[in-house]
Amino acid sequence: MEYFLDEQQKTLKSLARRIAEERILPVRAELDEKEEFPWAIMKDLADSDMFRVFVPEEYDGLGGGCLDLCLVIEEISRVCSGVAVSYAATGLGAAVLLEYGTEEQKQKYLPDIAAGKKLTAFALTEPTAGSDAGAIKTTAERTTEGYVINGTKQFITNGGEAEIYTVIALTDKAKGARGASAFLVEKDTPGFSFGKKEKKMGIRTSSTRELIFRNCLIPEENIIGREGMGFIMTMKVLDRSRPGIGAQAVGIAQGALEAAVDYAQNRIQFGHPIITLPVVQNMLAEMAIRVEAARLLVYATARTIDSGVKNFTEEASMAKVFASDTAMKVTTDAVQIFGGAGYMRDYPVEKMMRDAKITQIYEGSNEVLRGTIAAGLRKRKARRE
Ligand SMILES: Cc1cc2nc3c(=O)[nH]c(=O)nc-3n(C[C@H](O)[C@H](O)[C@H](O)COP(=O)(O)OP(=O)(O)OC[C@H]3O[C@@H](n4cnc5c(N)ncnc54)[C@H](O)[C@@H]3O)c2cc1C
């Protein structure tokens with residue numbers, strides 16, 4: 001397929017692939033087994049300027065768009081999506097700052113993020129507020145000295161490893177979601193600590209942790225945007241980052257497809273490679289069709305976003321839902337093609353199947369996003385009438 005990538009994008013994609021194959025592939029099983037954060041690989045990604053991709057040039061970045069970031073995430077995920085999500089979470093953690101931060105905030109934080117010296121995280125979810133993100137309880141009370149944050153965030157990617165956290169908290173409890181604001185919180189701020197480190201099914205090299213705020217005082221200038229804008233900014237930023245989850249899913253599915261083809265060519269049963277069996281050929285063909293369709297939807301959505309259109313909520317949701325369902329189906333079929341060997345940790349496809357599952361759940365579960373897509377269809381119908 002011709003994806004009409006420009007020369008820079010082709011170079012970026014092949015560089016990301018090279019890092020994934022040379023640096024990540026040899027250690028991916030070990031990272032998964034030990035559940036260790038991939039610091040050495042984060043350094044490799046930083047040395048190769050990968051964290052500069054999503055940062056504008058005026059803050060030492062490369063000024064890439066949504067598609068550029070998707071290409072990097074896809075290539076890393078093809079080998080290990082646990083590493084990819086640790087990288088991508090820094091893009092998400094910086095997204096509110098990038099879109100809505102002041103010049104001073106950007107000057108202060110973005111060059112270090114671009115250099116990969118500081119990872120970031122995005123903290124919205126709480127024990128009682130997952131899909132219903134508007135139900136958050138963490139508060140940020142304005143005082144004469146600054147904002148005082150109290151509350152607990154749950155399931156935060158890069159928790160404990162990141163230096164900079166974008167935290168969504170209520171500045172006006174009475175207004176609920178419309179009283180939410182976004183804040184930059186630095187790791188060593190007194191009153192900010194880390195709780196439970198989750199033991200996960202997949203993406204096990206990534207860190208997923210609780211953030212605990214107890215009378216955590218941050219300077220007034222650490223608010224991003226205005227009070228009360230936190231939820232709206234969050235929804236806009238998540239729309240923009242959802243194709244990245246789609247790219248993660250496409251990468252996982254591509255890795256599983258390649259592994260299944262290789263295995264089917266080499267596995268001999270009844271005197272022939274199993275790839276000669278029509279039933280295996282059909283499965284592989286279906287997998288390939290789905291991967292290609294998912295990739296095209298993710299790339300097209302990313303290009304739509306990069307074109308500067310204002311509203312892309314439904315397209316971003318479709319790309320994330322379709323690609324993540326594809327990853328789940330393709331990795332499950334890959335395990336099937338491997339037979340009993342696929343169930344063993346000696347081969348990569350069981351990890352890919354475990355890793356695929358989360359793409360259907362985070363950044364808006366596929367059920368919630370199908371609701372978003374349906375709501376868009378209802379609105380469009382009403383406009384036609
Ligand atoms: C590994 C991991 C990393 C994460 N990283 C981050 C992070 O960095 N930052 C962050 O803020 N959050 C993060 N999250 C949180 C993630 O975004 C939430 O888990 C997700 O939004 C779902 O919320 P929940 O887990 O509370 O599930 P729930 O909201 O309790 O949902 C449970 C089930 O009910 C369904 N459901 C709920 N409401 C509806 C509805 N209205 N319509 C249809 N179905 C519905 C869901 O689809 C799901 O099947 C992470 C989660 C995980 C597991």
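**Figure 1. Lining of the second largest pocket, in which helix α1 has the largest share.** In this predicted model, helix α1, spanning residues 7–24, contributes five residues to the lining of the second largest pocket, and this is the largest share from any one element. The pocket has a volume of about 320 Å³, and of the 16 residues that line it, those closest to its centre are Q8, L12, V53, L62 and D68. Sorted by class, the lining of this second largest pocket consists of seven polar, five nonpolar and four charged residues.

**Figure 2. The largest cavity and the residues around it.** The search of the whole structure for cavities of 30 Å³ or more returns one, and the volume of the largest cavity is about 40 Å³. Its lining is formed by R28, S77, V79, C80, S81, I252, P348, K351, M352 and D355. Two helices, α4 (66–79) and α10 (349–359), each supply at least two residues of this lining, and α10 gives the most, with three residues. By class, the residues that line the largest cavity comprise five nonpolar, three charged and two polar.

**Figure 3. The crossing of helices α7 and α9.** Helix α7 (residues 230–266) and helix α9 (residues 313–338) are shown where their axes come within 8 Å of each other, crossing at roughly 20 degrees. Because angles under 35 degrees count as roughly parallel, this crossing angle makes α7 roughly parallel to α9. The crossing of α7 and α9 is left-handed, and the contact between these two helices is made up of 20 nonpolar, five polar and three charged residues.

**Figure 4. The whole protein, as the setting for the close-up views, with its eleven helices and ten strands.** The predicted model contains eleven helices and ten strands, and its radius of gyration is 21 Å, close to the 21 Å that the globule rule gives for 385 residues, so the protein is as compact as a globular protein of that length. Taken along the principal axes, the box filled by the C-alpha atoms of the protein is roughly 80 × 55 × 40 Å. Within this structure lie the views of the preceding legends: the second largest pocket, to whose lining helix α1 contributes five residues, the largest cavity, with three lining residues from α10, and the left-handed crossing of α7 and α9.

Terms used: Residues numbered from 1 in each chain as written. Predicted model: local features only at pLDDT ≥ 70, side-chain atom pairs only at ≥ 80, totals over all residues. Heavy atoms only, no water. 1 Å grid on protein atoms, 1.4 Å probe; cavity = no way out; pocket = protein on both sides within 12 Å on 5 of 7 lines; lining within 4 Å. Points joined across faces, edges and corners; volume = space filled by probe spheres on them. Helix = DSSP H or I, 4+ residues; strand = E, 2+ residues; numbered from the N terminus. Nonpolar A, V, L, I, M, F, W, Y, C, P; charged D, E, K, R; others polar. Axes fitted to C-alpha atoms, helices over the stretch in contact; angles between N-to-C directions. Parallel < 35°, antiparallel > 145°, perpendicular 65-115°, else oblique. Left-handed = near helix turned anticlockwise from the far one by under 90°. Rg over C-alpha atoms; globule rule 2.2 N^0.38 Å.
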